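Visitor: Please take a close look at the charged side chains in one part of this structure, and then work outward from there. Cut-offs would help.

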Amino acid sequence: MIKYSFLLGVFCLSAIFALGQNSVQGKITDAETGEVIPGAAVFVPQLKIGATSDTTGIYHISNLPKGYYTVEVKLVGFATIVKQVLFNGVTTVNFSLSVSAGTTKEVLITALGNITNTLRSPVPVTVVSHETFTQQSSTNVVDAIATQPGVTAITTGPGVSKPEINGLGYNRVLTLFDGERQEDFQWGDEHGILIDPYAVYDAEIIRGPASLQYGNYAVAGVVSFKSQPPPDDGTIRGSFSSEYQTNNGLIGNSLDIGGNRNGFVWDLRMSQEETHCYWDPKDGYVWGTAFSQQNVRGTIGVNRNWGYSRLSISSLHRAIEIPDGNRDSASGKFAFDVPLNAVFSPGGALLSGQVYPTRANYLSYNPELASVYQVLDHQAIWWQNSINAGKGNILADIGYTQSTRQEIDTGNVTEEGLTIHDIPYSFRYQVAGDSSGLKLTTGVNGMYEWNTDFAEPPKPYTGVLEIPFYTDLDVGGYAILQKDYKNLTLSGGLRYDFRTMVAQPMYLSNPNTPSQQEVSASTPGAYTQFAPFNRTFSGLSGSIGATYQLPQNNYVKFNLANSYRAPSILELESNETDPANEYKQGDPNLKAEQGYEADLAYGINGKEVSFEVDGFCNYINNFIFADRITNKAGTSDSLHNGVPVYKFGSANTAVIEGIAAYFNIHPTDTKWMEIDNGFTYTYTYLPNATDSTNHLPFTPAPRLTSEVKFKLASKPHSIFKRTYIKAGLTKYWEQNNIYSALWNELPSVGYTLYNAGVGTDFVNPKTGKVICSLIINVTNLTNLAYVDHTSREQYFWAYNGAYAGQNNYGLTPAVVTKTSEGIYNMGRNIGFKLIFPFR
């Protein structure tokens, strides 16, 4: 609370400055007809402020600092306009929008450091629009972007998804929300991104190394989620959203309200969602897949003549079941790890108790019924500031996050509990560019991180100690320069990163038993759970690239990048069994990864066709991943308390190559139709490895997405507006390029999922204002039984013996040697969504 109170007090002091005397205003018209266009969004990204054109096409933004700023104007159905504008007194700028039947790809991006647009960025960037998020059904925020070109998700059930870009995930993809790093246990398998999906307005995805801008953990790319921009000055705006999904019974609700008065902006969002277990055609209901989540987020801010300031505070709570694939060895039915209300004989035989979940258990919205579940709490505060300084801006961002994880296995006592504390920061100077076309961003960013563990649980429970107490300091300085000519853009930069990590030793008596306790190193027979550790890592990152606008809306891009990633605490010091029954061993001698990537792209941004194909080759030295190891004799798996042992190593060189492409058709003569296609192919290999170990685990299968959308015409004074019908498919080919040694990974078969959807706005026929929006989506229309190649659930299989012994209370892990032994993905799902806006 002291941290929150201090930052809030400093923030409030900034609000006393006088209002800015600069403003921009103008009219938005149709370039062909000259008619005024209402509802167009005019946005200034550096200032995080904007306005919407009224019924006469007029927009007005006040309380602006003096200087050159980028202004973006966009509206669905029209091509986006991006223009540099000098704010000096009362500035008038009119915009004429050209009709574009499809979603234009020339949109503004801010995640690359310098503000630019997708056509002039040498690094491939995907912009996921608010419309895309709204017009789909997903169970979490990562699944909402997982079919974008070059992007996939590694999943552990519907409640846990981690983004993967160009075949790499975990600590190689950095996730941001409004610029704040999401460091919430991203080194682990069972931890999804702790972001409220209802709080996300749109997103930018950097598909390539972004170490230059963000340092550690961005060697594959960045997913930058963003909240909704503030409303127009003098207005209060909000919405209520409600949705239901048939397969897992997802119920979600979110209320948002925000305002803007004379440059003082505020916003409050409250959300909740809950599910029961999902169903698939092969397994039926899958035990251990329910989850619930609640989130509250508030933002206040000011816009003044010196710049802006924003303060956001949020608190998210998630309870989630973790499936372990425990089944009865004879019938194959899902079973409790330990029967409910179990009574055992002195010899350990089960006398009574509920062995199998009932239908009521499967349909329960209480995640705490499962044998294994997690309780996750994530509190965050984020203070963003921009101060006008000469021809540029000084941007200073600092925050604090606290992420607590409690893992409960058979009961209601926390067996593994830890809290991660982070202080992310970013200080930079940015010249957005004027008539010279020169843009510069230089600064320093990083984080300070430390953790605390829960106390040892009471008997008969045994504490799980996955990582030691540690501190982590990351500091990186960088400079990025961009020069825009008429058709040519040149961009490049350098960065140097420094990381120091210190871990405290831990010694145990009676390890892995109910009598386990922490002792001093001098205690006779003390077991070393964690050895003392002090390491320093450093690395150089760089990038140089160019784009060129060819005749007839053709363009080419090329970029060379050098990336850097230091090992995570899990890779260095882990020494425990995780919920997936995998014993992970770290290696304190790991080296930092150093990557080298080349990207080449060609595209067309025409009125009727939008096309881009991006080819990449990423070469990473000292590549780190966990490999299943053999016993001392080398004849079979090495086992620890009955579970297979995985050890992290970095003696590998990894090569990742691939293609990401889209091909969209939006004919100007048939504006009622739009066809969008995407393709992703990734190939990985480890040079000089054996046939069973020469590919990286979880390399996504090749994928094609295709969707046709029909936009129905609206009659005058109709209550239905912007009605559409869509149908599509997602085709996955088989994946045989796997790390198959010791059953680390299985090949996957190809399959095709069919999807459909419909949506419309209900409007007041007199005023034209939207009363509510209805969106209906059907995924896996044919109810296909399938397994996604990057689903970890397919490897979860265990069975109960005599319900006796100390190894997971008799739960015996089994090695999955064929897909049918694991857990399948979700069957047919129909999602209904209602959105009620108010203003």
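**A close look at the salt bridges**

Guide: Glu407 and Arg405 form a salt bridge, with their closest N and O atoms 2.6 Å apart. The term salt bridge stands for a side-chain nitrogen of Lys or Arg within 4 Å of a carboxyl oxygen of Asp or Glu. This is a predicted model, in which local features need pLDDT of at least 70 and side-chain atom pairs count only at pLDDT 80 or more, while totals for chains, interfaces and linings use all residues. Residues are numbered from 1 along each chain as its sequence is written, and side-chain values use heavy atoms, with hydrogens and water left out.

Arg405 also meets the side chain of Glu416 in a salt bridge, at 3.4 Å from N to O. Arg405 belongs to strand β30 (residues 392-409) and Glu416 to strand β31 (residues 414-431), so this pair ties together parts that are 11 residues apart in sequence. Strands and helices are DSSP runs numbered from the N terminus: E over at least two residues for a strand, H or I over at least four for a helix. Glu407 and Arg405 are both buried, and Glu416 is buried as well. Buried means under 20% relative accessible area, exposed means over 50%, and partly exposed covers the values in between (1.4 Å probe, protein chains only). Side chains of opposite charge can pair when their charged atoms come close.

Another salt bridge joins the side chains of Asp474 and Arg499, at 2.7 Å from N to O. This pair links distant parts of the chain, with Asp474 in strand β33 (residues 470-484) and Arg499 in strand β34 (residues 488-503), 25 residues apart. Asp474 counts as buried because its relative accessibility is 6%. Arg499 is buried too, with a relative accessible area of 1%.

Over the whole structure, the search finds 25 salt bridges. Some of the charged residues form a network: Arg172, Arg565, Glu571 and Glu593 are linked by salt bridges.

Arg172 leads on to Ala218, since Ala218 touches Arg172 along with Leu174, Gly208, Pro209, Ala210 and Ser211, leaving aside residues up to four places away in sequence. Contact here means heavy atoms within 4.5 Å. Ala218 sits in the loop between α3 (211-214) and β18 (221-226). Its relative accessibility is 0%, so Ala218 counts as buried. The C-alpha atoms of Ala218 and Leu174 are 5.1 Å apart, although the two residues are separated by 44 residues along the chain.

The strand that follows this loop, β18, is part of an open sheet of five strands with mixed pairing, in the order β11-β17-β18-β15-β16. Its edge strands, each pairing on one side only, are β11 (125-128) and β16 (180-181). Two strands pair if DSSP finds at least two bridges between them. Strand β11 runs antiparallel to β17 (residues 202-206), and four bridges join the two. Val127 stands opposite Glu204 in β17.

Another open sheet has three strands in the order β12-β13-β14, with antiparallel pairing. Its edges are β12 (151-155) and β14 (168-169), each of which pairs on one side only. Five bridges join β12 to the antiparallel strand β13 (residues 161-165), and Ile154 has Lys162 in β13 as its bridge partner.

Farther along the chain, strand β45 (residues 643-665) and strand β46 (residues 673-685) run antiparallel and are joined by 11 bridges. Gly658 stands opposite Thr682 in β46. Strand β46 is in turn joined by eight bridges to β47 (residues 703-711), again antiparallel. Asp676 has Glu707 in β47 as its bridge partner.

The surface also carries a nonpolar patch made of Phe240, Leu255, Leu268, Met270, Val296, Leu834, Phe836 and Phe838, with about 600 Å² of accessible area together. Patches take residues with over 30% relative accessible area and no salt bridge, joining like charges within 9 Å and nonpolar side chains (Val, Leu, Ile, Met, Phe, Trp, Tyr) within 5 Å. Accessible areas come from the Shrake-Rupley method with a 1.4 Å probe, and for residues only the protein chains shown count as cover. Strands β21 (264-275) and β53 (829-838) each supply at least two residues of the patch, and β53 gives the most, with three. Phe838 lies in β53 and counts as partly exposed because its relative accessibility is 35%.

Last, the cysteines. The structure holds zero disulfides, a disulfide being a pair of cysteine sulfur atoms within 2.5 Å. Cys277 is buried at a relative accessible area of 1%, whereas Cys617 is partly exposed at 31%.
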